[in-house]
Amino acid sequence: MKPSRTSKAKPAGGKASSEPKYRLRLYVAGQTPRSVQALSNLQRICEEHLAGNYKVEVIDLLQKPQMAAGDQILAIPTLVREIPKPARKIIGDLSNVERVLLGLEVLPAGS
Amino acid sequence: MPRLIEMPVNKAASGTQSLPKTPTGIAGFDEITFGGIPKGRPTLVCGGAGCGKTLFGIEFLVRGATEFGEPGVLLSFEESVQDLVMNVASLGFDLPRLQRARKMAIDYVYIDKSEIAETGEYDLEGLFIRLNGAIESVGAKRVLLDTPEALFAGLSDTGVLRSELRRLFRWLKEKGVTAVITGERGEGTLTRHGLEEYVSDCVILLEHRVQNDTVTRRLRVLKYRGSTHGTNEYPFLIDQKGISVLPVTSLSLQHQVSTRRVSSGMAALDEMLGGRGYYRGSSVLVTGTAGTGKSSMAAHMVDAACRGGERAAYFSFEESPGQIIRNMRSVGIDLGRWVKRGLLRIESVRPTAFGMEMHLVRMHAILEEHRPKAVVLDPITGLVGGSSEHDISGMVLRIVDFIKAKGATGFFTALTAEDDLQSTSISISSLVDTWLLLRNIEVNGERNRLLYILKSRGMAHSNQVREFLLTSKGVRLREVYLGEGNVLTGSARVAREAEDRREELRRRREDGRRETALRASLAAVQAKIATLQAEEQTFHQDLSEAVEQGVSRRKAVASDRDALERSRGGR
């Protein structure tokens, strides 16, 4: 894991789709165990339930503190669903998969 | 009973070991806390909705940025930046200008519970980062958090919130910024979520109450660790210039006294007051029932001050400036010209227009601005309008003291009841230096005014009662007619005087007659004397002729004998 920006975009099934369905932003503050935990939880959930149709951006507020105000970030870690609109926020280490999916308004895969 | 304002002795502010303080710049507040709020520590300002706590915080920041060279950060949890900017613009606080000048940073922290889901552990590092960023961006020395309690509405994990708030306040202390944290008053607690547990250095409580349909705001310093502070409830108000806490000046009985005298504007009254009028800087009270001429006396004093080229202020609670000028012209006092020349300011306001403290702060502002040497409150009892008696005596004391402290002569009129002339409803009579009493007496179907000097500290003064006349040329004082064990005034006195004049005339005529008669007798005697003198003259002549004849006859006889002897003895 890189501390700064980790982008993952997988065009589903090889079909050309420039915009992924989900664009997510994870705000962390340095390499704290909680941040690491949140990122690995997020990656797992995305792999399992978003079927590659997503893009995640990780923002470290220690390096870009000015980013905090724009998205009204208070709690760390905070996951922001930028697309689709309206924006949603999930705070915490994302350890509860069901609540994360509920927050992202994503139906669990295989249901 | 007038209550003296108890103020702790100001030792802490001057002592070297005292707690460093940051002046808020809020009028009056720094006086009651002897310097402001604790420097580099958080201070909690709590109170109910609309009590002015946000304003307190913003004024603290604005004054810091504009007057003390300390930039500030405003972290708002409840109102958006635009709302805040608009709300305080009416008080003359231009937040966008301060932002542009990099003297203030404003961040609006907003949480909408409906768009946030919580899962797993989190902390509020994001808030710290934002606050830190804002502090660094302007080099802030002052911080306002308004109010972090809003977080409790947005986040459900109160355990995390509490520990994070505790960490936040500790962090602020480490940063060395002076912080004001606001909190909404809860049921039975100072703040809804117990912020007072974390912010324990200085706690200020703001309240507003409705009394006699008038709102009064109160401020109290509940706690101030390591410092003395005034423990009373202090009235405060919010006006065009922000917050003012009363007393706006410190109160002590140490004003400079003057031995200079100022004229009362009435020569006869000056005469009664040891010949030279009131002391400059003293307080003069005139009490009397309705229509006894209290305002006219006030106008005389103001007129005298303006004639001497001094400024004066006339606060009226019953008449408009135009009315006062017109009415005083009818007794020959032209106040209009002094207003035109800028020497006199007449301020009229209904006593019920606002609370007592608002009146006082307005007066205070006008006194500071106009710097009058003579101040009239007409009537001081008018102030009673919106407040309880307890408030009044304290407040009146403050204004009387303030006028004194400014070296101005205070002239207060007070309305008294017909049957109880020597008590004023606001019990200030013991505070004043000179107390004049006007009363009506009703005799022979007419009312006449009498003036007494009840007391006048530090000068010889007349014990005489004078009749007080309002003429088209101003107030005249006449000696009353004392006779037959009665004081005669008005037409009774006039009638008596007319009778005196008739008596005098009659006597004068009689005297004239006697004089003529005596003169006639005298003339008769003198005529007699003249006749007798003429007679005397005649007798004198006859006598001398007779003597002469005798001598010549004797000579002739002798010569005849000689001739005879010579002829006989021809021998």
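**Exercise 1. Find how strands E18 and E19 of chain B pair, and name one pair of partners.**

Step 1. In this predicted model, strand E18 (residues 374–378) and strand E19 (residues 409–415) of chain B pair in the parallel sense over four bridges. Helices (H or I, at least four residues) and strands (E, at least two) are DSSP runs, numbered from the N terminus, and two strands pair if DSSP finds at least two bridges between them.

Step 2. For a partner, look at Ala374(B): its bridge partner in E19(B) is Thr409(B).

A word on conventions: residues are numbered from 1 along each chain as its sequence is written, while chains are lettered from A and ligands numbered from 1 in the order in which they are written. Local features need pLDDT of at least 70 and side-chain atom pairs count only at pLDDT 80 or more, whereas totals for chains, interfaces and linings use all residues.

**Exercise 2. Place these strands in their sheet and explain what sets its edges apart.**

Step 1. Write down the order: E17-E16-E18-E19-E15-E20-E21-E22-E23 of chain B, an open sheet of nine strands with mixed pairing.

Step 2. Look at the ends. Strand E17 (344–348) and strand E23 (474–479) of chain B each have a single partner strand, so one side of each is left without a neighbour in the sheet.

Step 3. Add the twist: neighbouring strands of this sheet are turned by 20 degrees against each other on average, direction ignored. Here the axes are lines fitted to C-alpha atoms, for helices over the stretch in contact, and angles run from 0 to 180 degrees between N-to-C directions.

**Exercise 3. Follow Leu437(B) to its partners on both sides of E20(B).**

Step 1. Strand E15 (residues 283–288) of chain B runs parallel to strand E20 (residues 434–443) of chain B, joined by five bridges. Leu437(B) is the bridge partner of Thr287(B).

Step 2. E20(B) also pairs with strand E21 (residues 446–456) of chain B, in the antiparallel sense and over 10 bridges. There, Leu437(B) has Tyr452(B) as its bridge partner.

Step 3. Finish at the turn. The hairpin of E20(B) and E21(B) has two residues between the strands, and Asn444(B) takes a positive phi near 50 degrees.

**Exercise 4. Describe where chain A meets chain B.**

Step 1. Count the residues: 29 of chain A are in contact with 20 of chain B, contact being C-beta atoms, placed from the backbone, within 7 Å.

Step 2. Find the elements. Helix H2 (67–70), strand E4 (88–91) and helix H3 (97–104) of chain A each supply at least two residues of the side that touches chain B.

Step 3. Sort that side of chain A: 17 nonpolar, seven polar and five charged residues. Ala, Val, Leu, Ile, Met, Phe, Trp, Tyr, Cys and Pro count as nonpolar, Asp, Glu, Lys and Arg as charged, and the others, Gly among them, as polar.

Step 4. Check for strand pairing across the chains. E4(A) runs parallel to strand E6 (residues 116–118) of chain B, with three bridges, and Lys89(A) stands opposite Ile116(B).

**Exercise 5. Is Leu168(B) buried or exposed?**

Step 1. Locate Leu168(B) in helix H7 (residues 158–175) of chain B.

Step 2. Count its surroundings: with 22 other C-beta atoms within 10 Å, Leu168(B) is buried. The cut-offs are 20 or more such atoms for buried, 12 or fewer for exposed, and partly exposed in between, with C-beta atoms placed from the backbone.

Step 3. For the whole chain, buried residues make up 42% of the 571 residues in chain B.

Conventions. Two residues are in contact if their C-beta atoms, placed from the backbone, lie within 7 Å.
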